[in-house]
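Me: Please take a close look at one part of this model: a single helix, what packs over it, and then how its chain meets the partner chain. One connected answer will do.

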Amino acid sequence: MFAASRPRAATWGLIAALLVSVPLVAAPAEAPGILISRQLAEARHLAVGDEVRLAAEPSGTASRQFRVVGIYEPTPDPLRFAQPPLDVRLHLPDLLALTGDPADAASQDAVTAINVALADPADADAFARDVAGRLPGVTARATSSPDARTNTFVVIERFHTAIAFVTVLGSAVFLLALMVMLVDERRSTVAILRLMGFTRRRILLQVCAEGALIALVGAAGGVLFAIAVQGLFNRFFQWRYDTALVFLRVTPAVVWRSLVIAVPLGIGASLAASWSLLRRTGAGLHR
Amino acid sequence: MTGLRALRFAWLTIVRQPARSVLGILGVAAVGALLFDMLLLSRGLVLSFRTLLDAGGFDARVLATDMVPFSGPRLDHASTLAAAIRALPEVAAVQQVRTVRATAGDRSVASAMGVDDGEDDGEIEIVGTDIHVHPVWTIAEGRDVAEDPANGLVINRHLAETLGAKPGSKVTLRGRCGDEASMPPPVTFIVTGIATFPFDTPGDDTAGTSIASAARLCGERDADQADMLLVRSRDGVGADTAAAAIHARRPDLHIVTNAEIVDQFSRLQFSYFRQISSVLATVTLFFGFLLVAVLLTVSVNQHLGEIATLRAIGLTRARVVAGIFWESVVMVGTGGVLAVPIGFVVAAWLDRILRRLPGIPTGLHFFVFEPRALGLYVVLLSAAALAAAAYPMRIVAGLPIAGTLRQEVVS
């Protein structure tokens, strides 16, 4: 629920810290056990039981032997979906032994972050202030506080909303054009109805009902189409990026929003298209 | 001549139904604008990123390993290595770059005491370069570091505002290098100028100085290390040839050209926007086709009697069919032309939204115009116009004159 961290960065530190709570199968040999991501296993043709050498230096100096005791499916990270997660998880002591400087005792006992579960998560801000006051140099923040990750999705959502706005605008014009043509086609019918004694109000209500029905059926068709293709869309992108992330999901909120936009739009288009006809007299409508 | 007559016939049909025509054209304009924007987005990031990379005039990078720049080991004996690479006939210039993180004298304490808000950690990125080579920043105000090699510092506008500094101000920086336990002594610099750095994000605090001064921030007096070397190939030689020459001399180093970086980013980091733009471009194109096809088909069906009469009084089948084709062309063409300025406005709006993504450099844009995008736009819209006209043209071509006229009279 809470993370306290030093600015010093060690990418694997967090991975190892997480492993403290992950039960690893004990390796039969003396080599310590590690878990590797499925993507790494596939990229390097590794299997459970294989022994590998890991080093903190790209040159491979001071490498250590490890045994692959498991292959895991990494939790999908929406911010890194375009990059294959080639990750290894080690026990924290093994990681510190691998990355620490033997001449520097402090480096053997340094982590990037400590996750803290508070008894009452509502105390997160007070706890952060307390940590900052007692431990200068350590920054602490609630894991639920907004950060760059949430900002990214807020921006992406705004982008998609803007695209949707332009699309709806185009659709509205399309609908209006269609309704104008359909109403024009019914010029004679409307004229006869008016001459028979139908009031403007009644015809208007009829037009509204028709517009609402068309919009409702159209929106329902659109939603059904979206539900039908969401699987294809997700499967394509999941295959493309080798991830379990869900890219498209038709939720009740999305369906509701579509209906809220589509139905008034349909009624509005019908009314706008019918208005010029209804203003005329019955005789004036006859060609 | 026949074409002109058909065009006039189409024009008369369009002006006779102004509401339908205007709405059709507006619909095509809205859809066309979105299509145009998606074409700008499909390669915008790649083009913009390439422009940023090329802005400094260097077309290749030399690193110690294939790790991401500034995250891997440094190059040792950097000045000797730079001189050796510079001596190659394929190379025109070599710039050494070393980055160091630092805090301004009084900001380090405030930062340490505060709660991290996840945005501004009070850190300043110091870029150290060889002052005898063209810098990687652009001076906006004041002078470059070369004017005061020992203590000169250029800072970006954001840092100048944060520190209240201007050319001539003194700034004390404390390096944050390696272990937190060992704190190097502070170094005082004189701000010589305000500069822009190509990869700065809006909230970045960045400063530039000599590579020796950057090392001094970490308490290293005689360090001769660089994070990377920027290489400019000689005119007419090309980055690939220069990279091959460097590799032949030092096969242990990792050399990557701007084109390779762009290619890698295009395949990985930028691929989402490319694919989402492909999906949306396909959808909008289909939508545009549907719009015009439905409008034309409904229009033709409403005027079958009229078309049959025209055929009966002597208009040829080819002329009537060509009229439908030209009607589609005029509608899509007018809408398509209107869509371009609308597309630019919408693109600027969408670009502003996307550039609020965290970590996006100020100079990077998502929607970038290139003639290729406009060409592709014209081709796609033309194809849509042709496809949209196909079905109503078929209806008109196969229209039985006598039967249709009889039906018209009876109804």
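Reply: Contact here means heavy atoms within 4.5 Å. The model is predicted, and the helix in question is H8 of chain B, residues 258-267. Its buried residues are Asn258(B), Ile261(B), Val262(B) and Ser266(B). Viewed down the axis of H8(B), these buried residues fall within an arc of 135°, so they line one face of the helix. The cover over them includes two helices of chain B, H2 (18-55) and H9 (271-302), as well as strands E1 (60-63) and E10 (254-257).

Two of these covering elements, H2 and H9, also belong to the side of chain B that touches chain A. Across that interface, 51 residues of chain B are in contact with 48 residues of chain A. The two chains bury about 4,200 Å² between them, with 75% of this on carbon and sulfur atoms. Within chain B, the most area is lost to chain A by Leu23(B), Tyr272(B) and Gln275(B), which together make up 14% of what that side buries.

The count of salt bridges between chain B and chain A is zero, and one residue pair is in polar contact, with both residues at pLDDT 80 or more. At least two residues of the chain B side come from each of H2, H4 (107-113), H9 and H11 (317-354). H9(B) gives the most, with 16 residues. By type, the residues of the chain B side divide into 32 nonpolar, nine polar and ten charged.

How values were computed:
Residues numbered from 1 in each chain as written. Chains lettered and ligands numbered in written order. Predicted model: local features only at pLDDT ≥ 70, side-chain atom pairs only at ≥ 80, totals over all residues. Heavy atoms only, no water. Buried < 20%, exposed > 50% of the residue type's maximum accessible area, 1.4 Å probe, protein only. Helix = DSSP H or I, 4+ residues; strand = E, 2+ residues; numbered from the N terminus. Arc of directions from axis to C-beta. Buried area = accessible area lost by both parts, 1.4 Å probe. Salt bridge = Lys/Arg side-chain N within 4 Å of Asp/Glu carboxyl O. Polar contact = N/O pair within 3.5 Å; in protein donor to acceptor, adjacent residues only side chain to side chain. Nonpolar A, V, L, I, M, F, W, Y, C, P; charged D, E, K, R; others polar.
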